[in-house]
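Visitor: Please show me the model, and then let us go through how its parts meet and pack.

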Amino acid sequence: MVNSYLSGISERFSVLGRVTLSSFCLLCAAFFLTAYSSRHPEVARSGGVLVSEVVAPIHSAIEIARSGGQNLWFRYLYLVGAATENGSLREQLQRTEGALAAISEVRQENNRLRAILQFSSNTSLEGVVAAVIGEEPSGWVRGILINRGTSSGVMVGMAAVHARGVVGQVIAAGPNSARILLIDDHSSGVDAIVQESRVRAIVAGTGPSSCELKYVTNESAIRPGEIVVTSGMDRIYPKGLILGTVISAHQNNALLFQTVQLKPAVDFAKLEEVLIIASDHVTDTQSPPPLPKLASSGKASPVRRRS
Amino acid sequence: MKIAILILIGLAALMAQGVLVQLGLPAYATPQLLLLVVVYLSFSDISVRGSLAAFLLGVMMDLSTAILVGPWAGAFIVVYGGLVLLSQRLFIESGIVAGFVSFFATIVSGAFYTLLSQQGDILVWSHTAQLFGQACATAIVAPCVISSLSHRFKRRSSSLPGRMSQPSAI
């Protein structure tokens, strides 16, 4: 028994000795290899190439899988959230743009109303501000529809003006709306006076944004660019309101009167608000002369010139 | 035959290390899987064949760096030889022991490699920090790896000197 125990220990030590010896030899080999490869780096390089060739396909496959996974994440899964966020941001942007547009619209409206009020204040005229809600649908008559009627004191025969100048005349008034005949309508006529030369004439409409100064004698000296204002003699429009600017004046010896073209001061295509002012002559007639087919108006309310 | 299998396992371990780095794991957190094979060898195969396998694994590691052939081989041999001397007194199948052994094996092998590859220069701080991080990472994965290797070679354990599965040896 003692012999077998001793033989076991001996065998174990012999195994350890062999392993130790072999390890020592291999360690020496490692030192030698290190020294040799440091002097001959091509050995390590060629061996590295060999290992690289073995592992490269696997690394490539893993890289492809990794990049694919990354693409899947960043281009799809991550973008699912991004798309949702994008959608909500778009909605928010649309809401903000809508609000901005509304604010801009309110600001512009405010500016226009301020201008009208300023005009009213400057001219000492009181009246009703009305919004343009439509145009004459037939196309044969130059007219607009406003959102104020007899309930607001708008009566037939009242003048419609704007901060830039004269718009027209109320030709029909309902309780909550009224029709205005623009000064560029063929049936419109306004007693006017040329501001500089003081020539008196009648401004008649000749079509969209075009008027004519009628009954100007050939002796009258009228130059293009002169301002034409209301004379106040027709008792519809107060005196001194701008009607337009002379764009051409042609004398014709064969005729009694010269041909004077006028550009209205107000751009009717962009008209959004008007000021309805009472004239000295407020008519109670049921059928106004220019457009007899339109609805009749109610009784005039006391809208008067400020003292 | 076993050496060939171990070399293949070592190659797989080497590739696994490369994959971990490729996936973005920093170098200081990459476990030394190849060294764990050597640790396993030092407890399961105490023989000339085992030492030769450890040497070849080291050479493989050297070749993967393609700078010098020998430093890692020497480091692995040192680890293998040292652990062989301690293998009668340690129970490697315990996870904690495996972790501690792997931790110190990584420190020793890393220090030896740095010493040999830097030709005697002292360890710089970056090497030390990396070495410590790698040792921790290796210690963390060591129980799993060594347990897997033990399971893989369980049927062949009868041919081994029998250092593993001997709790009384602690």
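Visitor: How many residues does the contact take from chain B?

Guide: This is a predicted model, in which local features need pLDDT of at least 70, side-chain atom pairs count only at pLDDT 80 or more, and totals for chains, interfaces and linings use all residues. Residues are numbered from 1 along each chain as its sequence is written, with chains lettered from A and ligands numbered from 1 in the order in which they are written. Two residues are in contact if their C-beta atoms, placed from the backbone, lie within 7 Å. Chain A gives 29 residues, and the number from chain B is 34.

Visitor: Which element supplies the largest share of the side of chain B that touches chain A?

Guide: Helices here are DSSP runs (H or I, at least four residues), numbered from the N terminus. Helix H1 (2-22), helix H3 (48-65) and helix H4 (71-86) of chain B each give two or more residues to that side. The largest share, 10 residues, comes from H3(B).

Visitor: Which residues touch the most other members of the largest nonpolar core?

Guide: A nonpolar core is a set of buried Ala, Val, Leu, Ile, Met, Phe, Trp, Tyr and Cys residues joined through C-beta atoms within 7 Å, where buried means 20 or more other C-beta atoms within 10 Å of a residue's own, C-beta atoms being placed from the backbone. The largest core has 57 residues, and H1 and H2 of chain A are among the helices supplying at least two of them. Those touching the most other members are B:Val37, B:Val38, B:Phe76 and B:Ile77.

Visitor: What percentage of chain A is buried?

Guide: Chain A has 307 residues. Its buried share is 32%.

Notes
A residue is buried if 20 or more other C-beta atoms lie within 10 Å of its own, exposed if 12 or fewer, and partly exposed in between; C-beta atoms are placed from the backbone.
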